[in-house]
Amino acid sequence: MFNVKEIELKVGDKDVSISTGKLAKQTSAAVEVRCGDTVLLVTVTASDEPREGIDFFPLMVDFEEKLYSVGRIPGSYNRREGRASDKAVLTSRLIDRPVRPLFKEGYRNDVHISILTLSVDENVPPDTIAMLGAGFALELAGLPYDGPFGAVRVALDENGEFIINPSEEEQIASDLDIVVAGTADSIMMVEAGAQFVDDMKVVDAIAFGHEAIKQQIIKIEEFAKLVGVEHLDFSSPEPNAQLVEIIESTTREDLEASMVDATKAKRREFVSAAKEKAKAKIDELGEESELATYLAENPNAFSEQMKKFEKKLLRKKIKETKVRADGRDPTQVRPITVEAGRLPRVHGDGLFTRGDTQVMSIASLATERMSRGLDGLDSETEKYYMHNYNFPAWSVGEVRPNRGPGRREIGHGALGERAIMAALPDRAGFAYAIRVVSEILESAGSTSMGATCASSLALFDAGVPMKSAVAGVAMGLIQEGDETIVLTDIHELEDFLGDMDFKVAGNEEGISALQMDIKIKGISMETIRKAIAQAKDGRLHILGKMNEVISEPRATLKGNAPRIISTTVPQDKIGAVIGPGGKNIKWIIEETGAEVNIDDDGVVNIYFTEDGAGELAKEYVEISAYGLKNGEVYEGEVAKILEGVGVIVEMIAGTSGLVHISQIAQERVEDIEKHLSIGDTVKVRVLGTDPRGRTSLSIKEVDNPSPEGTYDENGKKKSAGGGRDRRDNNRRDNRRDKKEEATTA
């Protein structure tokens with residue numbers, strides 16, 4: 001019934017098993033991947049016929065997180081998986097980015113790569129194992145694809161040595177987390193987060209990962225031979241010679257003019273004029289011409305050929321003159337303008353403009369309660385720093401409805417988030433949830449790095465005690481034959497027509513985030529080394545421009561940002577602070593207007609916006625934990641009247657004391673209700689604890705304290721004065737105590 005084939009390989013210190021022939025046999029290819037207790041089903045399915053009327057390769061990648069794989073039921077209302085999590089989207093993008101450039105140009109069949117998480121072991125994170133599985137499955141599918149490719153994660157161990165595919169615990173502890181994908185001779189994709197690791201150390205990590213990938217490629221090719229894979233015969237379609245001749249003869253002048261120090265708007269005018277001239281020449285041939293028939297059958301042929309010719313001219317110009325379309329040399333950064341603190345009511349904002357790219361980032365601070373809950377496969381359950389990236393159509397002069405963030409927005413937001421996280425203060429000293437929203441106002445290349453710079457400005461303006469500023473720059477590549485030209489700070493034309501988009505973010509010390517995408521069949525380690533070194537120069541230049549405007553975080557938070565006061569109570573007192581059913585803590589929050597969060601270790605964070613609210617809430621918390629302090633004055637409410645005895649005054653929920661009738665006023669009190677009513681707010685001074693363990697309070701000694709009114713260390717009341725008056729007072733107090741005992745009994 002089954003024709004199972006299996007192969008084993010070593011990835012780092014882990015054994016990986018790949019098998020096919022048993023599961024999902026109606027797909028183009030399916031492999032089951034096992035590593036430790038992580039089990040994934042990776043399938044590749046391709047349509048039989050190409051999709052008509054499109055000018056792109058219709059590849060879909062879905063990494064499907066199934067919570068049953070970690071023994072959990074989803075927390076959603078209907079208890080089933082819903083929209084893919086950000087982590088799943090990012091993993092899907094990790095697979096898509098190295099795969100897409102490897103397919104033959106002109107291939108238009110739908111291809112779907114699906115990864116199903118059947119079982120997940122925390123010691124074996126599934127993302128790079130899924131990438132490896134996709135490398136095997138694509139090779140077995142026999143599609144027109146210049147693979148195979150492999151992938152690994154590289155981290156640093158406790159001794160600073162590189163390790164391959166670390167456990168989740170090792171990954172969290174490492175200062176470097178980098179995913180590398182590639183073929184046997186080239187790097188295809190890099191994604192990294194780091195704690196400002198030295199630039200060349202990151203390069204060494206990429207090289208280390210590539211060596212491990214080469215071993216994977218050997219095993220993939222060996223497995224393909226074992227299975228007996230037959231590759232689909234596919235040749236890229238030849239362009240129509242007449243169309244090529246018309247486009248190159250009629251558009252050259254305008255396209256070349258569009259690449260001579262022109263603004264984005266001016267370039268559009270030149271390109272539009274070039275298209276109109278070419279279409280007019282085609283129309284002269286008539287509707288019955290062979291070219292008209294060809295274009296009717298291939299509606300995307302004209303735009304594809306225009307793009308190819310524009311790409312050819314741009315590359316030729318840069319290669320021959322070393323001058324880019326906007327007049328810069330290869331290492332030059334576009335003009336930069338920086339602003340911070342423009343918006344009066346937000347907690348922090350930054351406006352970063354670089355050439356025709358403009359990003360405004362706004363920072364908001366909130367209590368830890370506003371952190372984002374996560375329901376994924378790994379151990380992370382909350383996110384305290386959130387970065388949202390919004391890319392409206394109007395930022396590029398287009399009309400299109402806003403349908404919420406897509407995969408690109410989620411990916412760019414995550415990159416900017418990762419770049420900043422290395423610079424954030426430790427939560428122990430700054431226990432806030434932080435959200436930064438980056439609004440793309442103009443786009444002309446490298447908005448994700450613009451968002452990183454603007455986010456850093458906004459956080460500085462908000463007074464977040466960042467370890468340093470963070471800047472980012474996108475590097476491009478023009479590779480023609482043996483000549484390679486690396487471009488600093490690419491604009492939209494170089495992004496669209498170039499060979500690489502290599503984003504590098506960090507500070508003066510090193511890299512905090514890195515992402516490399518390419519459009520060719522891979523690049524060498526030599527090119528990567530050159531690009532990262534050149535990116536450092538660009539990054540330092542941008543940091544210098546940012547520091548001219550705001551060089552360190554503001555000393556204080558803005559007026560409407562929540563302040564924070566922290567205190568610590570013993571763990572066995574946490575229950576007393578919270579109170580039965582949360583009564584105490586609810587009372588404190590309602591009474592002060594502050595928000596109080598208590599961690600399991602006894603750390604209490606109090607957030608407030610009104611002056612005095614935080615100190616008052618802190619005082620109430622400490623009263624709940626430790627009780628009232630002798631000699632201190634508190635404000636409370638009369639909760640109960642004990643006729644002839646005194647009144648019970650409640651300071652905070654669960655904390656109260658007795659004001660003896662003799663302590664209500666300076667004069668003798670016979671009728672308590674003539675002086676006090678239930679609900680009255682009064683100030684009281686704590687006298688101590690009476691022999692019965694009750695807190696004794698005084699109203700009359702608030703302004704005129706006297707030590708004679710307190711109890712001694714043996715719980716006996718100290719006398720005031722002597723002789724008959726003192727004895728009479730003692731007798732009167734004894735009678736009242738007895739009456740109180742009878743009443744309370």
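In this predicted model, the charged end of Lys201 sits over the ring of Phe162, at 4.9 Å from the ring centre. A second contact of this kind involves Lys22, whose charged end lies over the ring of Phe2, 5.7 Å from the centre of that ring.

**Aromatic pairs**

Rings also meet other rings: the structure holds 11 aromatic pairs. One of them joins Phe57 and Phe103, with ring centres 4.5 Å apart and planes at 35 degrees, so this pair is tilted. Phe57 belongs to the loop between strand 4 (38-50) and strand 5 (59-64), while Phe103 belongs to the loop between helix 1 (86-99) and strand 6 (109-119); the pair therefore ties together parts that are 46 residues apart in sequence. Phe57 and Phe103 are both buried.

Another tilted pair is formed by Phe430 and Tyr432. The table sets out the geometry of these two pairs.

| Pair | Centre to centre | Angle between planes | Class |
|---|---|---|---|
| Phe57 and Phe103 | 4.5 Å | 35 degrees | tilted |
| Phe430 and Tyr432 | 4.5 Å | 45 degrees | tilted |

Why does Phe430 count as buried? Its relative accessibility is 9%, and the cut-off for a buried residue is under 20% relative accessible area. Tyr432 is buried as well, because its relative accessible area is 2%.

Phe57 and Phe103 are also part of a cluster. Ring pairs link these two residues with Tyr107, Tyr145 and Phe234.

**The chain as a whole**

The chain has 17 helices and 29 strands. Along its principal axes, the C-alpha trace spans about 125 × 65 × 50 Å. The radius of gyration of the chain is 35 Å, whereas a compact globule of 745 residues would have one near 27 Å.

Of the 745 residues in the chain, 52% are buried. The chain exposes about 34,900 Å², and carbon and sulfur atoms supply 47% of that area.

How many of the contacts between residues at least 6 apart in sequence join residues at least 24 apart? The share is 70%. The pair of Phe57 and Phe103, which ties together parts 46 residues apart in sequence, illustrates how ring pairs can join separate loops of this chain.

Methods: Residues numbered from 1 in each chain as written. Predicted model: local features only at pLDDT ≥ 70, side-chain atom pairs only at ≥ 80, totals over all residues. Heavy atoms only, no water. Phe/Tyr/Trp six-rings, centres within 6.5 Å; stacked < 30°, edge-to-face > 60°. Helix = DSSP H or I, 4+ residues; strand = E, 2+ residues; numbered from the N terminus. Buried < 20%, exposed > 50% of the residue type's maximum accessible area, 1.4 Å probe, protein only. Lys NZ or Arg CZ within 6 Å of the ring centre and 35° of its normal. Rg over C-alpha atoms; globule rule 2.2 N^0.38 Å. Contact = heavy atoms within 4.5 Å. Areas by Shrake-Rupley, 256 points an atom, 1.4 Å probe, with all protein chains shown as cover.
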